[in-house]
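Colleague: Could you take me through the inside of this protein, with a close look at its main nonpolar core? I would like to see how that part sits within the whole.

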Amino acid sequence: MNGRDGGAVDGFLLAYEGFDSEAEGLREALTSTGNGYLCTRGAAEWEGADDVHYPGTYAHGGYNRETTMIGGLPVLNEDLVNLPNWLVLKLRIEGEDAITLEDVELLDYRHEYDIRNATVLRHLRFRDRGGRETTLTSRRFVSMADQHHAGIEWTLVPENWSGHVEVISALDARVSNAGVARYQRLEGRHLNPISPRTFGPEVIALKAETRQSNLYISQATRTRVFRGGESLPAGRTLDQMEDYIQQVLAFDVRQGEATRVEKLVAFYTSRDPAVSDTLMRAARSAARHSDFSAAFDRHSAAWEELWRTCDGRVSGNEQVQLLLRLHTAHLLQVCSPYTADLDAGMPARGLNGEAYRGHVFWDEMYAFPFLNVRLPEVARGLLMYRYRRIGEARAAAREAGFRGAMFPWQSGSEGIEETQRVHLNPLSGRWEPDLSHNQRHVNAAIFFNIWNYFQATHDHAFLENYGAEMMLDIARFWASIAHFNPARERYEIHGVMGPDEFHEKYPGAQQGGLANNAYTNVMVAWLCDIAAKLPSLLSASSAEGLRARLSISGDELALWQDMSRRMFVPIHENGIISQFEGWVDLEELDWDVYRAKYDSIQRLDRILRAEGDDPDRYKIAKQADTVMLFYLFSDEELREIFERLGYGYRPDTAARNVEYYDQRTSHGSTLSFVTYAGVLAAIDPESSWDRFLVALGSDVDDIQGGTTKEGIHLGVMAGTLDLVQRHYAGAQIRDSVLYFDPRLPSGLGGLSFRVQFREAPILVTLNSDLLTLEVQPEGASHEIRAGIPGDVRELCPGDRAVFELSQDRA
Ligand code: BGC
């Protein structure tokens, strides 16, 4: 991978020279193109799914459930479905077989992702078996300006020959979910064919249906050929089956002359509004599609507008700049203004692959801080995805014997628990029980996200109509899963697990779950304080209505308040917070032995289990768990929470805990690098920077040995943006003030980015000495309060405020 600066694509280009079959899957995931509605992997148009290539298209909400019999037992999984392949475009020269990368001699090959325009490009020059040399340039985008449109443009130049070619343009529903090797034994067929159709001489279309969820998906395409700006008449023949349709365009090409092929596609599903028959809708839309260049210009203008809001500039490191932009683009490809209107959550692996089956976890917690202050309507849309599933969350709580709403650890179409109960350990080849659904902390994350969305936007309408209801029902759930221990005179929570997935239960225990996960208990103490005060933040009529609807009594509010003061937090020697109760009794692992024995010990759980050992026995963590607290809250906030609980909080509590857990964490989830980079920003800037660079490179460098090809890690990508904003720039909203408490690492000379705080657009510029806030004249008419700790100012539209940063902070 290299980023090429200079020229037209300054700091916005991910480029690969030469074809590498080993790396192709990774490149496909990283060069996926999407628009927040659908996303397609950066596979070459002419290649089908095999060990090297995997064309995959995924749309928000396109889920389907299938059952597989494993060991005689039914295993039910809901997957984000690989939708029909709309890419297919193949070249036949002089009647020979269609060109594939394997069959030709590549004289030149370049695969690029133009980050600015979310466009995938391939430039190849090849010699075929007949000795003909041809240049083929392909450009492809999924439109950010026309939600249902995408386009491919080919430019063909015969270098040393003239002759006859055929271009096959197809839509292919003969696809399955086969992108993740670990899932191979699980049912991968999700589509049933409905019908192919043609509409006039140019448009072909295909309709398919998901097998269980009965989602209709239709695609239609119009393919045309041009030379020298003129349309070139091409012979057209048609072949169709129930799940495949192709049009073959035949024409002559001349040595040294460029011929362009445009394949423009329309895509609809039965989840879309304003649609009767998806097939007709797609066909009409494809027929009306403008030409490639006009469609691309609109798309490009839409991205330009997004970059105006979302681009962050860093000085001092071009590679960092490039990767932050890459991460921004991928976040926007999955969570764009279109997403706001869909019933969509944020799948942990984006819409770029099939790992984790397109499920929605807690990873969105790393994306909200970025979205809240740039695209608040998108953040709101993601929260609405949760709200629409509150009924299932309530049922889940009830069925588990609790009250309130218990959102699932893994969420899909309906908001029921989608976490699988058995998981394949690729090291041992064994199916092992998976108890990770006990990560109830996702409910604290949802509460946290709603609260912080409200802090950033002051969107009272959302809070009163939806947010508060979720928050209150989440608090109610926590109050019911907690119990009061009279011996301690504190509230405890048993039977859950924290983010660290190495510990699902106590060693040797039959039952899953742990007692008093510190991260969970502190989050609960924090959220109970807010929940108890929440009705007072709403208008009197809303508060009254909500309390009546949810039957919230004064006693319940008092209970939450009591929990905010008396949650139990296990703390062992010298202020080290125990990850959970009983952690101190676990054995220390001899890390050096494992480091010496294995190339990577990130997934120590799999290693230990494959060796017949049990990760539950050891003081080891997959990822930041207790340390998450220091990532999410400032020291000041944590001091407040801990002091309210009657526990001490020392100036070195963060540093001591971070150091302690760092020595015992394998970072088996790359989210952990983001978290550690964040918490270390104020403690050990050098080390923070090192972790930041690891997180930043984790997908492009595929540091987990092959997982990125199964889908990008969107939480980590978003997390790197969050880290820059909340830890390096130190942006935080507290008591209606936008604070900056910058901790710029020496690797960063300066930063500048835009945020929107309570409707006021602000340009933030930061270097090691100065912070400048410029409130843009457009936008809000009201003043806002912003500044650095100890210097908060009231700023009106058009105001510019400069803050001198003390050297020890910067
Ligand atoms: C991590 C979780 C994360 C999930 C999806 C897991 O490996 O442990 O924290 O939510 O991946 O990204």
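Modeller: Happy to! One definition to start: two residues are in contact when heavy atoms of theirs lie within 4.5 Å. On that basis, in this predicted model, residues 24 or more positions apart make up 68% of the contacts with a separation of 6 or more. The secondary structure that carries the chain consists of 21 helices and 35 strands.

As for the overall form, the radius of gyration is 27 Å, which agrees with the value near 28 Å for a compact globule of 810 residues. The C-alpha trace spans about 85 × 70 × 60 Å along its principal axes, and 63% of the 810 residues count as buried.

Now to the part you asked about. The largest nonpolar core holds 184 residues, and Leu331, Trp362, Leu371, Trp560, Phe692 and Tyr728 have the most contacts inside it. Helix H11, residues 518-537, gives the most to this core, contributing 13 residues. Phe692 is a good place to zoom in: beyond its neighbours within four places in sequence, Phe692 is in contact with Val320, Leu324, Ala677, Thr720, Leu723, Val724 and Tyr728. Tyr728, then, is a contact of Phe692 and is also listed among the residues with the most contacts inside the core. Apart from this core lies another, of 48 residues, including Ala44, Trp46, Val81 and Phe267.

To finish on the outside, the accessible surface comes to about 28,600 Å², with 46% of it belonging to carbon and sulfur atoms. The protein has 83 positive and 117 negative charges, and their mean positions are 3 Å apart.

Terms used. Residues are numbered from 1 along each chain as its sequence is written. This is a predicted model: local features need pLDDT of at least 70, side-chain atom pairs count only at pLDDT 80 or more; totals for chains, interfaces and linings use all residues. Side-chain values use heavy atoms; hydrogens and water are left out. Helices (H or I, at least four residues) and strands (E, at least two) are DSSP runs, numbered from the N terminus. The radius of gyration is taken over C-alpha atoms; the globule rule is 2.2 Å times the number of residues to the power 0.38. Buried means under 20% relative accessible area, exposed over 50%, partly exposed in between (1.4 Å probe, protein chains only). Accessible areas come from the Shrake-Rupley method with a 1.4 Å probe; for residues, only the protein chains shown count as cover. Lys and Arg count as positive and Asp and Glu as negative; His and the chain ends are not counted. The place of a charge is taken as NZ of Lys, CZ of Arg, CG of Asp or CD of Glu. A nonpolar core is a set of buried Ala, Val, Leu, Ile, Met, Phe, Trp, Tyr and Cys residues joined through side-chain atoms within 4.5 Å.
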